[in-house]
Amino acid sequence: MTRVVEAADAAALEERARRGFTARFGREPSLVVSAPGRANLIGEHTDYNDGFVLPFAIARRTAIAAAPREDRSVEAAGALAPGSVQIPLDGAIERGEPRWGDYLRGVLAESRALPGGALDPGGFDAWIESDVPVGAGLSSSAALEVAFAGVIEALAGRPLDPLDKAALCQRAEHAYAGVPCGIMDQMASTLAGEGELLLIDCRSLEHERIVLPAQLEIVVVDSGLPHDLGEGEFARRVAECREAARKLGVASLRDATPDGLEQLRASGETLLWRRARHVVEENQRVLDAVAAIRTNDWRRLGDLLDESHASLRDLYEVSRPEMDALVHGLRRAGALGARMTGGGFGGCAVALFERGRRTLALPGQPKNTGNRLSPA
Ligand code: GLA
């Protein structure tokens with residue numbers, strides 16, 4: 001069943017985290033830290049190819065209430081998943097059960113291994129609440145990592161540079177969740193503000209805030225199809241891109257040229273050619289989308305979203321028929337453009353509407369009061 005991802009109240013979430021902490025640990029928390037999930041307007045599967053992305057923070061967050069404890073260990077539990085996690089601070093940190101704890105283990109381990117010296121939060125208890133849908137491709141994992149890193153930096157009394165924090169969380173995801181993701185999710189969760197898009201150059205990590213014009217709104221719709229990045233398809237795409245770059249003799253597909261693409265095709269590497277072509281053209285679409293926003297060319301922006309979806313479906317092969325049907329339904333509901341967002345194989349779609357121009361009900365939802373990216 002598809003449904004619009006409604007905006008949620010961040011203050012209420014943080015209050016739930018506070019109360020949950022007190023109920024579980026029998027004292028008041030000393031701090032509450034939260035971080036948002038993200039959706040991506042355009043620039044899909046480009047981040048791990050050193051390319052461009054244009055994500056935004058959604059009004060759904062993960063909040064963690066925490067307070068120091070006497071011994072040097074961390075205990076975390078929450079309403080989001082069963083079980084609790086115990087992590088001794090001074091021993092080796094191994095992956096384990098419950099699996100959601102691996103995001104915390106990873107962030108703790110990486111914060112001990114920081115180039116500028118270990119961050120030592122001391123022992124603490126933590127209670128986690130979240131309204132980022134899990135398995136919907138809205139980066140619930142990045143929100144958990146970034147919020148947990150926020151707790152660690154606060155308790156250690158040493159604020160991290162936001163880029164260092166995002167990179168730490170990305171390393172945690174690589175090493176402890178086994179997902180070779182790019183930097184988009186963690187940077188969006190760390191740096192994106194409300195009502196704005198974050199243009200990121202994933203090679204230099206330079207980023208720029210782009211305000212969405214008041215005439216536009218972006219609606220996030222959950223397809224209801226669970227997506228699981230750990231299933232291997234994501235890692236396979238990453239490997240295919242590396243292989244394509246190796247064959248082209250470039251550091252990453254960011255550097256691939258039209259001539260190079262043609263050579264790939266001519267040499268019979270059709271699968272690698274399809275993947276590489278998606279990446280090269282998607283990078284250009286991100287830059288074109290920013291130009292369209294700057295020149296108020298909404299039609300062009302919508303078309304770019306549609307082209308991105310077609311490319312993800314036909315060249316990158318990460319969509320599903322149900323997702324294609326949802327995207328089609330969103331266009332019929334008056335969207336200027338619509339596409340799958342995130343890693344693929346289910347998850348969410350984003351649709352761009354001219355404010356007030358939506359004529360039909362959105363698929364699966366008679367009235368939309370949903371999670372829109374509205375201008376600041
Ligand atoms: C997942 C990854 C991101 C990015 C997207 C696809 O969300 O975590 O790094 O690669 O897929 O754009």
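**Notebook: helices, strands and cores**

I began with helix α8, residues 270-294, whose 25 residues reach 36 Å from the first C-alpha to the last, close to the 36 Å expected at 1.5 Å a residue. I note here that the model I am reading is a predicted one. Just after α8 I looked up N296, which takes a positive phi of about 55°.

Next I turned to the nonpolar cores. The largest nonpolar core holds 34 residues, and of these L253, L264, Y316 and L330 touch the most other members. I listed the elements that each supply at least two residues of this core, and they are β10 (216-222), α6 (233-248), α7 (258-266), α8, α10 (321-332), β11 (337-341) and β12 (348-354). Helix α6 gives the most to this core, with six residues. I then followed L253 and, leaving out residues up to four places away in sequence, found that L253 touches N49, C241, A244, A245, L248, A276, V279 and V280. Apart from this core lies another one, of 33 residues, among them I93, I128, L144 and I152.

I then examined helix α2, residues 101-112. Its 12 residues should span 16 Å at 1.5 Å a residue, and the end C-alpha atoms are 17 Å apart, which agrees. Because 10 of the 12 residues of α2 are buried, I entered this helix as largely enclosed by the rest of the structure. The buried residues include charged ones by name, D102, R105 and E110, alongside G101, L104, G106, V107, L108, A109 and S111. These buried residues pack against β5 (73-78), β6 (84-88), β7 (124-130), α3 (140-156) and α4 (162-177).

From there I went to β5, which is mostly covered, with six of its six residues buried. In a regular strand the side chains alternate between the two faces of the sheet. In β5, S73, E75 and A77 point one way while V74, A76 and G78 point the other way, and all are buried. Strand β5 runs antiparallel to β6, joined to it by five bridges, and A77 stands opposite S84 in β6. The two strands form a hairpin with five residues between them, and G83 in the turn has a positive phi of about 85°. With β7, strand β5 pairs in the parallel sense over five bridges, and the bridge partner of E75 in β7 is D125.

I also looked up a single polar residue, S34, which is found in strand β2 (residues 31-40). S34 counts as buried because its relative accessibility is 17%, the cut-off being under 20%. Its side chain makes a polar contact of 2.8 Å with the side chain of E14, and a polar contact of 2.8 Å also joins the side chains of S34 and R61. Not counting residues up to four places away in sequence, S34 touches E14, R61, T62, A63 and A147.

Last, I traced an open sheet of three strands, which has the order β3-β8-β9 with antiparallel pairing. The edge strands are β3 (52-53) and β9 (207-211), each of which pairs on one side only. Two bridges join β3 to the antiparallel strand β8, residues 196-201, and V53 stands opposite I200 in β8. Helix α5, residues 184-191, packs on this sheet and touches β3, β8 and β9, with its direction making about 135° with that of β8.

Note on methods. Residues numbered from 1 in each chain as written. Predicted model: local features only at pLDDT ≥ 70, side-chain atom pairs only at ≥ 80, totals over all residues. Heavy atoms only, no water. Pairing = 2+ DSSP bridges. Helix = DSSP H or I, 4+ residues; strand = E, 2+ residues; numbered from the N terminus. Contact = heavy atoms within 4.5 Å. Axes fitted to C-alpha atoms, helices over the stretch in contact; angles between N-to-C directions. Expected span 1.5 Å × (residues − 1). Core = buried A, V, L, I, M, F, W, Y, C linked by side-chain atoms within 4.5 Å. Buried < 20%, exposed > 50% of the residue type's maximum accessible area, 1.4 Å probe, protein only. Polar contact = N/O pair within 3.5 Å; in protein donor to acceptor, adjacent residues only side chain to side chain.
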